[in-house]
Amino acid sequence: MIDRKHIGKTLGSHIVTIRTDNLRRFARATGQNNPLYLEEGYARAMGHPALPVPPTYLFCLDFMQADPYAWLFDMGVNQHDLLHAGQYFLYHSPLYAGENVKISSRIADIYDKTGRKSGTLTFIIKETLVTTTTDTRDRLRLTSGGKIAEMRSTFAVRHTPTAAREQSHA
């Protein structure tokens, strides 16, 4: 079981610059053929100042740091027992290539659920706030206090006995 003392723990923050080439790679990798996410000229013709960030790309920004899973290992989570169990996005303002954003995360909750076949799983809820790093005259950002988006990621941790885990990875 994972100690509940981690609830509320802040996981630090990092600054990320949104790069055009990364946005294009993400759009292609996720099968988005909309030229809005691939062609800067098209995006400008549609009224955007640069390529807009595709939906769910913000999830990638959280991984743009030295060791994005260190916080889980610090809690004693074995990577072989870890499952991605969901994600949620609440957007306050659009985000574009060339902008710098601050990514700040914390552990919001930890709880257990037991199923007849799955046994006990521990769920870890991580909340991440994406904010602008500079003052802006963008009305939407001013009214949201610099918030660009809020994300919530859910991780499920299986409680596999050590012997069974070692046998499954042999």
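Let's start with helix α1 in this predicted model: α3 (58–61) is part of what covers the buried residues of α1. Those buried residues are N22, L23, F26 and A27, in a helix that runs over residues 20–29. They sit on the same side of α1, because the arc they cover around the axis is only 135 degrees. The general rule helps here: an α-helix has 3.6 residues a turn, so residues three or four places apart point the same way. Turn to the other side of α1 and you will find R28 and A29, which are exposed. After α1 comes G31, with a positive phi near 75 degrees.

Now for the aromatic rings. The model has 6 aromatic pairs, and here are two of them.

| Pair | Arrangement | Centre to centre | Angle between planes |
|---|---|---|---|
| F63 and Y69 | tilted | 5.6 Å | 55 degrees |
| F89 and Y91 | stacked | 5.9 Å | 10 degrees |

How accessible are these rings' residues? F63 is partly exposed, because its relative accessibility is 28%, and Y69 is partly exposed at 32%. In the stacked pair, F89 counts as buried because its relative accessibility is 18%, under the 20% cut-off. Its partner in that pair, Y91, is partly exposed at 40%.

F63 and Y69 also belong to an aromatic cluster, together with F59.

One more ring is worth a look while you have the structure open. Over the ring of F123 sits the charged end of K113, 5.8 Å from the ring centre.

Terms used. Residues numbered from 1 in each chain as written. Predicted model: local features only at pLDDT ≥ 70, side-chain atom pairs only at ≥ 80, totals over all residues. Heavy atoms only, no water. Buried < 20%, exposed > 50% of the residue type's maximum accessible area, 1.4 Å probe, protein only. Helix = DSSP H or I, 4+ residues; strand = E, 2+ residues; numbered from the N terminus. Arc of directions from axis to C-beta. Contact = heavy atoms within 4.5 Å. Phe/Tyr/Trp six-rings, centres within 6.5 Å; stacked < 30°, edge-to-face > 60°. Lys NZ or Arg CZ within 6 Å of the ring centre and 35° of its normal.
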